[in-house]
Amino acid sequence: MIEDIDKNKIVESELNDICEECKNIEKSVTENLMLTGYKICKSCKISKTLFPL
Ligand SMILES: [Zn+2]
């Protein structure tokens, strides 16, 4: 149960919609974090998909 609380805290602080790649604030950042685990915006997701590191 303690682990769950810590996890929620981390998630909350991560949900600021700031892309880690371009530092733009976009709604899609949180969406992509949930879907892909990458904290990136729509356009960075596309470039990551086209040119995976
Ligand atoms: Zn971006």
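Helices here are DSSP runs of at least four residues, and strands are runs of at least two.

**Figure 1. The whole chain, a predicted model with three helices and zero strands.** Let's start with the overall layout. Along the sequence, the elements follow the pattern α-α-α. Of the 53 residues, 9% count as buried. Among contacts with a separation of 6 or more, 5% join residues that sit 24 or more positions apart.

**Figure 2. Confidence along the chain, with a mean pLDDT of 82.** Before zooming in, it helps to know where the predictor is sure of itself. A score of at least 70 is reached by 74% of the residues. Helix H1 (residues 2-14) has the lowest confidence, with a mean of 63. Helix H2 (residues 27-36) has the highest, at 92. Please keep in mind that where pLDDT is low, the predicted coordinates should not be read in detail.

**Figure 3. The largest nonpolar core, made of five residues.** Its members are Cys 19, Val 29, Ile 40, Cys 41 and Cys 44. In soluble globular proteins, nonpolar side chains tend to be buried together. Take Cys 19 as your way in: leaving out residues up to four places away in sequence, Cys 19 touches the core members Val 29, Ile 40, Cys 41 and Cys 44. Cys 19 also touches Asn 24, Glu 26 and Lys 39 under that sequence filter.

**Figure 4. Tyr 38 in the loop between H2 and H3.** Tyr 38 counts as partly exposed because 15 C-beta neighbours lie inside 10 Å, while a buried residue would need 20 or more and an exposed one would have 12 or fewer. Not counting residues up to four places away in sequence, Tyr 38 touches Asn 32, Leu 33, Lys 45 and Lys 48. For a link across the sequence, look to Glu 21: Tyr 38 and Glu 21 are 17 residues apart in sequence, with their C-alpha atoms 9.7 Å apart in space.

**Figure 5. Lys 42 in helix H3 (residues 42-50).** Here is a second partly exposed residue to visit: Lys 42 has 14 other C-beta atoms within 10 Å, so it falls in that class. Once its neighbours within four places in sequence are set aside, Lys 42 is in contact with Glu 26 and Ser 28. Asn 32 makes a handy reference point as well, since the C-alpha atoms of Lys 42 and Asn 32 lie 7.6 Å apart, with their positions 10 residues apart in sequence.

Key: Residues numbered from 1 in each chain as written. Predicted model: local features only at pLDDT ≥ 70, side-chain atom pairs only at ≥ 80, totals over all residues. pLDDT = per-residue confidence, 0-100. Contact = placed C-beta atoms within 7 Å. Core = buried A, V, L, I, M, F, W, Y, C linked by C-beta atoms within 7 Å.
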